[in-house]
Amino acid sequence: MAKQRATIQDVARMCGVSTATVSRVINRNGRFSPETERQVRDVIRQLGYVPNQTAQNLRTRSSKLAGILVSRLSYEYVNQIVTQLEDELFRQGYIGIVCNIGDNFENEQTYLDAVFSLNICALFVFASGQPIQLPEGREIPVIYINRAPENLDAGLCCAIETDSVAAGYKACRELLRAGCRRVAIVRRQFGDSRLPRSREVGFMKALQEQGVTCDERLSVSVAENAQYGDVYAAVGEKLDAGLAADGYFCESDIFALSTIRCLERRGLRVPEDVKVVGCNDLSVAQYNYRTITTVRHQTEAICRQAVENMRRLLEDGALEQRHTVFDVELVPRETT
């Protein structure tokens with residue numbers, strides 16, 4: 001009976017380390033102590049383990065393809081980030097492969113399997129869901145954009161975010177500066193997503209600093225996949241119920257536009273009667289018939305940092321800072 005061939009799992013088990021650590025030692029990629037390296041190489045010789053050359057090639061840095069996992073590519077802000085990320089990758093000699101999973105997070109692993117089969121050297125994640133599970137024996141940089149999983153110290157991962165708390169804070173401060181006292185948020189309900197809740201934290205902080213009481217009944221919540229018409233109807237229902245705010249912070253500029261149209265159809269003037277602040281500084285905020293006050297993100301800086309982090313992780317597997325947060329800028333326009 002032929003002797004069973006030793007596997008990387010066998011080596012890891014005997015050394016008491018992870019398969020990822022064994023992989024780093026074999027490929028001389030990443031951090032490990034001299035003691036760990038000696039132990040792993042001794043066990044490899046003892047077991048007669050021979051790395052699969054094909055698999056080893058897949059783990060090397062020879063590939064210049066980077067996967068980009070996104071949800072809702074149809075959203076302008078997401079499209080803006082992805083486009084700039086692709087451009088930055090191309091300037092650095094890499095090609096971005098975009099995988100749009102839409103709203104179907106149950107199939108996220110299917111999409112991941114497909115993009116990993118392309119021998120990607122790194123993965124950028126701009127989507128909701130759980131932390132990415134890499135294939136066994138495979139370790140590549142994973143850069144999370146606008147989401148930060150709990151364990152950033154595990155593996156070659158990092159997170160780059162826009163300051164969502166500051167976005168809510170600065171938007172609310174602008175409404176209060178303009179004289180609003182019955183302020184509300186127009187938001188999606190995202191379940192596990194951090195983003196809307198973070199904005200609300202900043203929003204509430206600004207209210208508390210000014211001693212203004214928040215009436216939650218004024219705020220508008222819509223489904224995660226809500227569109228322009230859904231927001232228009234939801235804001236209208238609040239107005240019809242006598243729950244009108246004098247200032248609205250909308251989590252996107254599209255929501256802001258929908259809110260403005262709904263207010264105006266009911267005879268309310270913006271900004272004379274009601275102030276509105278959007279978010280993301282999309283084209284609709286810049287070129288609408290009435291330009292919309294909004295919160296602008298540092299998208300170019302975020303993408304540059306994301307690619308720079310990828311390069312550093314590929315080179316030595318280490319980063320001085322695994323979690324980077326970029327400030328936001330309030331852009332006052334005609335709606336406040």
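Tutor: A residue counts as buried when its relative accessible area is under 20%. Keep that cut-off in hand while we look around this model, which is a predicted one.

Student: Okay, let's try it on a helix. Which residues of helix α6 are buried?

Tutor: Helix α6 covers residues 108-116, and its buried residues are E108, L112, V115 and F116. Look at the spacing with a general idea in mind. An α-helix has 3.6 residues a turn, so residues three or four places apart point the same way. Now the case here: seen down the axis of α6, the buried residues fall within an arc of 95 degrees, so they line one face of the helix.

Student: And what do the buried residues of α6 pack against?

Tutor: They pack against the strands β1 and β3.

Student: That brings us to sheets. How should I read one?

Tutor: Strands of a sheet pair through backbone hydrogen bonds, either parallel or antiparallel. Here, one open sheet has 6 strands in the order β2-β1-β3-β4-β5-β11, with parallel pairing. Its edge strands are β2 (95-100) and β11 (323-326), each pairing on one side only. On average, neighbouring strands of this sheet are turned by 20 degrees against each other, ignoring direction.

Student: How many bridges join β1 to β3?

Tutor: There are 5 of them between β1 (residues 65-70) and β3 (residues 122-126), and the two strands run parallel. To find your place, look for G67, which stands opposite L123 in β3. Moving along, β3 and β4 pair in the parallel sense over 3 bridges, with F124 opposite I143 in β4. Then β4 and β5, also parallel, pair over 4 bridges, and Y144 faces A159 in β5 as its opposite number.

Student: Are the two faces of β4 covered or open?

Tutor: Both are covered: V142 and Y144 lie on one side, I143 and I145 on the other, and all four are buried. One helix to look for by this sheet is α12, which lies across β1, β3, β4 (142-145), β5 (157-162) and β11. The direction of α12 is at about 170 degrees to that of β5.

Student: Can a loop residue be a useful one to follow too?

Tutor: Sure, try I132, in the loop between β3 and β4. Compare its relative accessible area, 10%, with the cut-off of under 20%, and you see why I132 counts as buried.

Student: What does I132 touch, apart from residues up to four places away in sequence?

Tutor: I132 touches L69, E108, L112, L123, V125, V142 and Y144. You have met E108 and L112 already, as buried residues of α6. As for V142, it is 10 residues from I132 in sequence and 8.0 Å away in space, C-alpha to C-alpha.

Student: Now the core. Which residues touch the most other members of the largest nonpolar core?

Tutor: That core has 56 residues, and the ones with the most contacts to other members are L85, L89, F124, I143, I145, Y248 and M310. Helix α12 (residues 299-316) supplies the largest share of this core, 8 residues. Take M310 as an example: leaving out residues up to four places away in sequence, M310 touches A66, L89, Y94, A122, F124, P141 and I143. A second, separate core has 19 residues, among them V183, F203, A206 and V328.

Student: Where does Y248 pair, and in which sheet should I look?

Tutor: In β9, the bridge partner of Y248 is V276. Strand β8 (residues 247-250) pairs with β9 in the parallel sense over 3 bridges. Both belong to an open sheet of 4 strands, ordered β7-β6-β8-β9, with parallel pairing. The edges of that sheet are β7 (220-222) and β9 (275-277), each pairing on one side only.

Student: What packs on this sheet?

Tutor: Helix α9 (residues 228-240) does, touching β6 (183-188), β7 and β8, and its direction makes about 145 degrees with that of β7. Helix α10 (residues 253-265) packs there as well, touching β6, β7, β8 and β9, at about 150 degrees to the direction of β8.

Student: Last one: how many helices and strands are in the chain?

Tutor: The chain has 12 helices and 12 strands. Of its 336 residues, 51% count as buried. And among contacts between residues at least 6 apart in sequence, 71% join residues at least 24 apart.

Technical notes:
Residues are numbered from 1 along each chain as its sequence is written. This is a predicted model: local features need pLDDT of at least 70, side-chain atom pairs count only at pLDDT 80 or more; totals for chains, interfaces and linings use all residues. Side-chain values use heavy atoms; hydrogens and water are left out. A nonpolar core is a set of buried Ala, Val, Leu, Ile, Met, Phe, Trp, Tyr and Cys residues joined through side-chain atoms within 4.5 Å. Buried means under 20% relative accessible area, exposed over 50%, partly exposed in between (1.4 Å probe, protein chains only). Contact means heavy atoms within 4.5 Å. Two strands pair if DSSP finds at least two bridges between them. Axes are lines fitted to C-alpha atoms, for helices over the stretch in contact, and angles run from 0 to 180 degrees between N-to-C directions. The arc is that of the directions from the helix axis to the C-beta atoms.
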